[in-house]
Amino acid sequence: MVDAALRNGTAHRQSVFELFARRLSGARRYGVVAGVGRLLEAIEQFRFNDDELEFLRQENIASDETLHWLANYRFSGDIWGYPEGEVFFPGSPLLTVESSFAEGVVLETLALSILNADSAVATAASRMTNAALGKPLAEMGSRRTGEYSAVAAARAAYIAGFGATSNLEAGRTYGIPTMGTAAHSFTLLHDSEREAFEAQIAAFGVDTTLLVDTYDIEQGVRTAIDVAGTNLGAVRIDSGDLPVVVARVRNLLDSLGATQTKITVTNDLDEHTVAALAHSPVDSFGVGTSVVVGSGTPTMGMVYKLVSRQGSDGEWVSVAKKSADKATVGGRKSVRRSFDAKGHASAELIHASSDPAEQHGTHNGSTAPGRDILVPLMVDGVVEPGHTGREGIALARERHVTSVAELPLVAMSLTRGDPAIPTEYR
């Protein structure tokens, strides 16, 4: 597309691209925006190096004019969007890219690949956080996804309410608290469960977590307390009928005098099992596979479309697809979330205009109760403060708590259904 547009002179037409989801994948009640900080950093650093350009030349993928354009590529436009951690709904313009056609169109796959994956993880993590009723969750899914996506998944889960990760690279890169426990292999390494527990206690002290289900859970608990004493930090359970097992382990710990020893559970948890265990004596959860694959919804189905452009006469024109089941709404959007008398979000109000200058930030001068959602993310190719790095993660984490708290109660439902609030075009 860039090659053809450069040849016919349309590549430099000012354009507006929009990234959004037509529907909430998995019939979720709301989505959570994640990956914005990662995307902004990626766009700022987006370059075509000599090896890449040589490949394009050898494979005859692009003309010399296009190769020269790519060699000098630097995004210089503006980007508005939903800040990271914010909730979203069908049609929400999560990202609005204002630039020349060529500058904007080349970012499509980059933007979609980051926001689709990270937002799917964050949406699943948010549902689990709500289901846990305030009990802490740790992300432990690195073995169930790619080596790079594992780090991104830990970041997204943390933004959406998880308290820690077992991925040390995520801790190093993003400052996410890290945690971990021994695996069954450590117990099996030793000649007895007792020797394994003694070795772990000798290395880490009694404020550690002992895995008690390698052999027999009841005997494992008794051995753990016998070795560590009643001040043992926690026991981990990774198998069995968890609601039943947890209750029995709690009673056994209490009978042994270990009333302060906590119970953490793992074993293929998702939001539904977390919800089922939330009122049990479980103290914390470790979630692996389910969270890093979006709990059955590994992508949010986001798309990236041209919605407005300047014509040959310099006038702005709204453009949209008319395809059956894939029609889009043209024009640059502004968004205002309305609230009812109880302070709960009631609708996502979207106003569209062909001219981007009319839509920066405010919802067309509306004075209705609510708040404007879109914020500037990049101006003239430079990232705005507060969206990247550890500062951006901390702010996104706080924003997530606030935005979810605004939602009506139906948003917390784990059943498939309609979005928690409607999207209304004005």
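In which helix is Ala 152 found? Ala 152 is found in helix α7, which covers residues 149-159. The structure described here is a predicted model. The chain holds 15 helices and 19 strands, and 51% of its 426 residues count as buried. The points below treat the chain as a whole, then its cores, one helix, several strands and three individual residues.

**Overall architecture**

- Taken along the principal axes, the box filled by the C-alpha atoms of the chain is roughly 85 × 60 × 40 Å.
- Of the contacts between residues at least 6 apart in sequence, 74% join residues at least 24 apart.

**Nonpolar cores**

- The largest nonpolar core has 54 residues, and those touching the most other members are Ile 237, Val 249, Val 265, Phe 285 and Val 291.
- Apart from this core lies another, of 50 residues, which includes Phe 17, Val 33, Leu 39 and Leu 67.
- With residues up to four places away in sequence not counted, Val 249 touches Ile 217, Val 221, Val 235, Ile 237 and Ile 263.
- Two of these partners, Ile 217 and Val 221, are among the buried residues of helix α11.

**Helix α11**

- Helix α11 comprises 12 residues, 217-228. From its first C-alpha to its last it reaches 16 Å, close to the 16 Å expected at 1.5 Å a residue.
- Its buried residues are Ile 217, Gly 220, Val 221, Thr 223, Ala 224, Ile 225 and Ala 228.
- These buried residues pack against two helices, α10 (193-204) and α12 (242-255), and against two strands, β8 (209-211) and β9 (234-237).
- At the start of α11, the backbone nitrogen of Glu 218 has a side-chain oxygen of Asp 216 within 3.3 Å.
- After the helix comes Gly 229, with a positive phi near 90°.

**Strand β1 and its partners**

- Strand β1 (residues 14-21) is largely enclosed by the rest of the structure, because 7 of its 8 residues are buried.
- β1 runs antiparallel to strand β5 (residues 95-100), to which 6 bridges join it. Within this pairing, Ser 100 in β5 is the bridge partner of Gln 14.
- β1 also runs antiparallel to strand β12 (residues 302-310), through 7 bridges. Here Ser 308 in β12 stands opposite Val 16.

**The four-stranded open sheet**

- An open sheet of 4 strands, with mixed pairing, follows the order β16-β14-β15-β19.
- Its edge strands, each pairing on one side only, are β16 (370-372) and β19 (423-425).
- From one strand to the next, the twist averages 25°.
- Strand β14 (residues 332-339) and β16 run antiparallel and are joined by 3 bridges. Across this pairing, Arg 336 faces Asp 372 in β16 as its opposite residue.

**Ala 152 in helix α7**

- Ala 152 counts as buried because its relative accessibility is 6%, against a cut-off of under 20%.
- Its contacts, not counting residues up to four places away in sequence, include Arg 38 and Asp 118.
- The C-alpha atom of Ala 152 is separated by 9.1 Å from that of Val 121, which is 31 residues apart from Ala 152 along the chain.

**Ser 403 in helix α15**

- Ser 403 has its place in helix α15 (residues 389-405).
- With a relative accessible area of 1%, Ser 403 is buried.
- A polar atom of the Ser 403 side chain lies 3.4 Å from the backbone oxygen of Gly 85.
- Once neighbours within four places in sequence are left aside, Ser 403 is in contact with Gly 85, Glu 86, Val 87 and Arg 371. Gly 85 thus appears both in this contact list and as the backbone partner of the Ser 403 side chain.

**Ser 113 in helix α6**

- Ser 113 lies in helix α6, which covers residues 108-131.
- Ser 113 counts as partly exposed, since its relative accessibility is 44%, which falls between the cut-offs of 20% and 50%.
- The Ser 113 side chain reaches the backbone oxygen of Leu 110 at 3.0 Å.
- Ser 113 and Glu 103 are 10 residues apart along the chain, and their C-alpha atoms are separated by 17 Å.

Terms used
Residues numbered from 1 in each chain as written. Predicted model: local features only at pLDDT ≥ 70, side-chain atom pairs only at ≥ 80, totals over all residues. Heavy atoms only, no water. Expected span 1.5 Å × (residues − 1). Buried < 20%, exposed > 50% of the residue type's maximum accessible area, 1.4 Å probe, protein only. Contact = heavy atoms within 4.5 Å. Polar contact = N/O pair within 3.5 Å; in protein donor to acceptor, adjacent residues only side chain to side chain. Pairing = 2+ DSSP bridges. Axes fitted to C-alpha atoms, helices over the stretch in contact; angles between N-to-C directions. Core = buried A, V, L, I, M, F, W, Y, C linked by side-chain atoms within 4.5 Å.
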